[in-house]
Amino acid sequence: MLSRVRVLCVRLGASAGRHLSSQSSGLTADQLAEYQKNGFLAVRGVIDRGQINALKKEAERIVQEADVNEASIFTTKNQEKSTDAYFLTSGDKVRCFFEEKARLNGVTDKLLSINKIGHALHLYNKVFRDFCFSEPLRAIVRSLPYQDPRLCQTMYIFKQPRIGGEVSMHQDNAFLHTSPPSVMGLWFALEDATIANGCLRAIP
């Protein structure tokens, strides 16, 4: 049986956005060394079950209240042709984007046809704002070599069974530009993510 995976993606950089600050210890020296060596790091136990349930419940509420006539389709293929104004003007808003194959396959349930919610949950939704600026996350970010870290984008991603769109290998710096390049993503699996159901993959 195929399962759906839900993911919260938080992107940070030294560009405009909301400040993060903390006096907590954050990552250990060994974790920092691993991150510097490989370019990615898995940190376990950052989110507790209560936070996960709260984020999932709030995401479902946002999707159920979304106007499907206003929302648009999101796909990573042929982005030059498929990206519309609804997407391009979503940087400072909370908007829903649906799967390209949902209508083609007759999927009408919004929770089974949603692709993602983006891109300013950290600014305009209290549940996500409280999580994004919680002490454990700020501690992790402040332990990295950032002089002035800003939270500039948040996405809640649904990996739908059977109709979920492919996301090819990419670097976030290709979409969020800072000078010098400084974008880093925090990726939270809110459900078990495995090779079988489409986990995140990284190349050291």
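A polar contact is a pair of N or O atoms within 3.5 Å; within protein, one atom must be able to donate a hydrogen and the other to accept it, and residues adjacent in sequence count only if both atoms are side-chain atoms. Keep that in mind for the exercises below.

The model is predicted, and local features need pLDDT of at least 70, side-chain atom pairs count only at pLDDT 80 or more, while totals for chains, interfaces and linings use all residues. Residues are numbered from 1 along each chain as its sequence is written, and side-chain values use heavy atoms, with hydrogens and water left out.

**Exercise 1. Warm-up**

Describe the secondary structure and the surface of the protein chain.

Solution, step by step:

- Helices (H or I, at least four residues) and strands (E, at least two) are DSSP runs, numbered from the N terminus. The protein chain has nine helices and seven strands.
- Next comes burial: buried means under 20% relative accessible area, exposed over 50%, and partly exposed in between (1.4 Å probe, protein chains only). Of the 204 residues in the protein chain, 40% are buried.
- Accessible areas come from the Shrake-Rupley method with a 1.4 Å probe, and for residues only the protein chains shown count as cover. The protein chain exposes about 12000 Å², with 51% of it supplied by carbon and sulfur atoms.

**Exercise 2. Strand E6 and its partner**

Work out how strand E6 is placed, and what arginine 150 does there.

Solution, step by step:

- Strand E6 covers residues 150-159, and nine of its 10 residues are buried, so the strand is largely enclosed by the rest of the structure.
- Two strands pair if DSSP finds at least two bridges between them. Strand E5 (residues 114-119) is joined to E6 by four bridges, and the two run antiparallel.
- To find one of these positions, look at glycine 118: its bridge partner in E6 is methionine 155.
- Arginine 150 belongs to E6. With a relative accessible area of 18%, arginine 150 is buried.
- The side chain of arginine 150 makes a polar contact of 3.0 Å with the side chain of aspartate 148.

**Exercise 3. Salt bridges**

Find how many salt bridges the structure holds, and study three of them.

Solution, step by step:

- A salt bridge is a side-chain nitrogen of Lys or Arg within 4 Å of a carboxyl oxygen of Asp or Glu. The structure holds seven.
- Start with glutamate 58 and arginine 61, whose closest N and O atoms are 2.6 Å apart. The two are three residues apart in helix H2 (residues 49-64), so about one helical turn separates them. Glutamate 58 is buried at 13% relative accessibility, whereas arginine 61 is partly exposed at 35%.
- Lysine 93 and aspartate 92 form another salt bridge (2.9 Å, N to O). Lysine 93 is partly exposed at 31%, and aspartate 92 is partly exposed at 43%.
- Then there is the pair lysine 126 and aspartate 130, at 2.6 Å from N to O. They lie four residues apart in helix H8 (residues 126-132), so about one helical turn lies between them. Lysine 126 is exposed at 53%, and aspartate 130 is partly exposed at 42%.
- Glu58, Arg61 and Glu65 are joined into one network by salt bridges that share partners.

**Exercise 4. The nonpolar core**

Which residues have the most contacts inside the largest nonpolar core, and which element gives the largest share?

Solution, step by step:

- A nonpolar core is a set of buried Ala, Val, Leu, Ile, Met, Phe, Trp, Tyr and Cys residues joined through side-chain atoms within 4.5 Å.
- The largest one has 38 residues, and Leu8, Ile117, Tyr156 and Phe188 have the most contacts inside it.
- Elements giving two or more residues to this core include strand E1 (5-13), strand E4 (94-99) and helix H9 (135-142). H2 gives the largest share, five residues.
- Contact means heavy atoms within 4.5 Å. Not counting residues up to four places away in sequence, tyrosine 156 touches several residues, among them Leu8, Leu55, Ile117 and Phe128.

**Exercise 5. Far in sequence**

Compare leucine 186 with glutamine 171: is each buried or exposed?

Solution, step by step:

- Leucine 186 lies in strand E7 and is buried, at 13% relative accessible area.
- Its C-alpha atom is 9.3 Å from that of valine 141, 45 residues apart along the chain.
- Glutamine 171 sits in the loop between E6 and strand E7 (184-189), and is exposed at 64%.
- Between the C-alpha atoms of glutamine 171 and alanine 202, 31 residues apart in sequence, the distance is 10.0 Å.
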